[in-house]
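Here is a short set of exercises to work through with the model open beside you. Try each task before you read its solution.

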Amino acid sequence: TPVQVEIDTEGQGLAPQEVEQLITFPIENVMNGIPGVVRVQSISKFGLSVVTVYFSDDTDIYFARQQVFERLSLAKDSIPAGFEPQMGPITTGTGQIYLYQIVGRGKSNQELRTIQDWIVKLQLRTVPGVADVLSFGGDVKQYHVIVDQQALVNYNIPLKTLFEAIQNNNQNTGANFIEHGDEQYVVRGLGLVKDIEDIKNIVLDSRGGTPIRVSDVAKVEIGSEIRQGAVTKDGQGEVVTGIVLKRINENTKQVIERIKEKVVEINKALPEGVSIVDYYDQAELVDNSVHTVAESLIEGEALVLLILVLLLGDFRSSLITAAAIPFCMLVAFILMWYSGLSANLMSLGGLAISIGMMVDATVVMVENIYRHLEEHQEHSLREAILVAAQEIGRPM
């Protein structure tokens with residue numbers, strides 16, 4: 001896949017037209033002109049902007065991301081406050097190497113999604129070679145404050161006051177320290193909300209010394225985030241899944257081996273009855289692909305050897321000619337190693353396709369030697385081979 005940097009921006013509540021006008025266009029505008037940029041493409045959806053910046057193949061991915069990051073600071077001046085563009089993970093279109101499901105007896109999809117987001121996902125991100133872990137399916141846990149508008153009117157409390165009160169009463173503050181003899185006591189202001197009761201007891205105002213709390217004007221309950229989709233599996237209903245993304249230029253099999261080792265550790269620490277079950281492993285695809293190419297190489301060499309025997313009419317000469325194949329492949333592997341190219345599906349496939357081309361020159365050489373041996377029997381074997389090789393060496 002090409003060298004690319006993806007920029008994602010959430011625009012909650014905005015229609016595609018507003019996303020395009022207020023977010024996508026300003027970002028696209030500043031990305032043009034970056035050194036090495038080939039093209040800029042974008043998608044504007046309801047509440048989401050995705051801008052992809054493509055670079056030339058010789059561009060270093062980290063240089064590209066640094067340039068995009070610097071330009072994003074310019075784009076933020078043109079984007080409305082509250083919308084934060086973020087660069088996507090350092091991965092490729094084939095970077096989804098490991099897919100798994102969170103299963104648990106007696107656990108709701110909301111509980112499983114919480115375990116995925118706050119335990120599994122954070123642990124898998126620590127695996128070397130992993131760019132990111134994506135969560136799909138289930139319900140994202142939220143605390144919902146369902147406002148009674150009539151109650152707000154009766155108490156004469158603006159909706160803005162409710163927002164600000166909840167925000168201001170959900171934070172910790174530092175208050176320096178107090179010296180006591182040889183010791184220091186750190187003073188902390190603990191205000192983080194821990195449960196529904198904490199939210200209900202937040203004070204909005206007071207009338208005649210009587211506090212007006214959130215519970216007086218709203219109902220507080222545990223809910224789930226608004227979703228745009230779901231994940232189902234085998235017709236058994238909704239499930240919670242995760243996708244592990246590989247960092248660009250990493251070895252797929254090695255990263256998957258590390259992931260599997262980490263999964264074993266995580267399963268031991270999960271609540272009883274909850275476990276990670278994988279259902280897609282790209283290492284299997286890699287093994288099958290390499291095995292297929294290896295078979296093609298062997299079959300190709302055997303087929304070429306058979307054709308040479310039929311063509312030259314001599315097994316020993318055919319064997320000499322066929323020996324050019326492993327020799328040429330050896331030279332190819334040495335040059336690939338020297339230039340930093342890996343033995344992947346594309347490079348091995350190219351060798352498999354070019355097997356017939358590898359013996360072209362050898363066939364011509366052996367055939368010309370045979371002709372000289374038949375036409376000039378007065379020459380010694382060594383002399384006939386030397387003359388034949390010199391005759392066609394330059395044209396070859």
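**Exercise 1.** Is N176 buried or exposed?

*Solution.* Before starting, note that this is a predicted model: local features need pLDDT of at least 70, side-chain atom pairs count only at pLDDT 80 or more, and totals for chains, interfaces and linings use all residues. Residues are numbered from 1 along each chain as its sequence is written, and side-chain values use heavy atoms, with hydrogens and water left out.

Step 1: take the cut-offs, where buried means under 20% relative accessible area, exposed over 50%, and partly exposed in between (1.4 Å probe, protein chains only). Step 2: N176 has a relative accessible area of 56%, so N176 is exposed. Step 3: look at the backbone, where N176 shows a positive phi of about 65° although it is not a glycine. For background, most residues other than glycine have a negative phi.

**Exercise 2.** Place N176 in its strand and describe what that strand pairs with.

*Solution.* Step 1: N176 lies in strand β8, and the secondary structure elements are DSSP runs numbered from the N terminus, helices being H or I of at least four residues and strands E of at least two. Step 2: of the eight residues of β8 (residues 173-180), the number buried is zero, so this strand lies largely in the open. Step 3: strands pair if DSSP finds at least two bridges between them; β8 and β9 (residues 183-189) are joined in the antiparallel sense by six bridges. One bridge to find on screen links F177 with V186 in β9. Step 4: the two strands make a hairpin with two residues between them, and G181 in the turn has a positive phi of about 65°.

**Exercise 3.** Find N156, then describe its backbone and its exposure.

*Solution.* Step 1: go to the loop between α4 (149-155) and α5 (159-168), where N156 lies. Step 2: phi of N156 is near 55°, a positive value in a residue other than glycine. Step 3: N156 has a relative accessible area of 63%, so N156 counts as exposed.

**Exercise 4.** In what order do the strands of the open four-stranded sheet run, and which helices lie on it?

*Solution.* Step 1: the order is β6-β13-β5-β14, with antiparallel pairing. Step 2: β6 (130-136) and β14 (274-281) are the edge strands, each pairing on one side only. Step 3: on average, neighbouring strands are turned by 25° against each other, direction ignored. Step 4: check one pair, β6 and β13 (residues 240-246), which run antiparallel and share six bridges; F136 has T241 of β13 as its bridge partner.

Step 5: add the helices. Helix α8 (residues 252-269) lies across β5 (96-104), β6, β13 and β14, running at about 15° to β5. Helix α9 (residues 282-312) also packs on the sheet; α9 touches β5 and β14, and its direction makes about 30° with that of β14. Axes here are lines fitted to C-alpha atoms, for helices over the stretch in contact, and angles run from 0 to 180 degrees between N-to-C directions.

**Exercise 5.** Describe the surroundings of I276.

*Solution.* Step 1: I276 sits in strand β14. Step 2: its relative accessible area is 7%, so I276 is buried. Step 3: list its contacts (heavy atoms within 4.5 Å); not counting residues up to four places away in sequence, I276 touches Y100, Q101, I102, V120, V263, I266, N267 and L270. Step 4: the C-alpha atoms of I276 and Q101 are separated by 5.8 Å, although these residues are 175 apart along the chain.

**Exercise 6.** Which side chain makes a polar contact with that of T24?

*Solution.* Step 1: find T24 in helix α1 (residues 16-31). Step 2: T24 is buried, with a relative accessible area of 0%. Step 3: recall that a polar contact is a pair of N or O atoms within 3.5 Å; within protein, one must be able to donate a hydrogen and the other to accept it, and residues adjacent in sequence count only if both atoms are side-chain atoms. The partner is S44, at 2.8 Å. Step 4: not counting residues up to four places away in sequence, T24 touches V19, S42, S44, S49 and V51.
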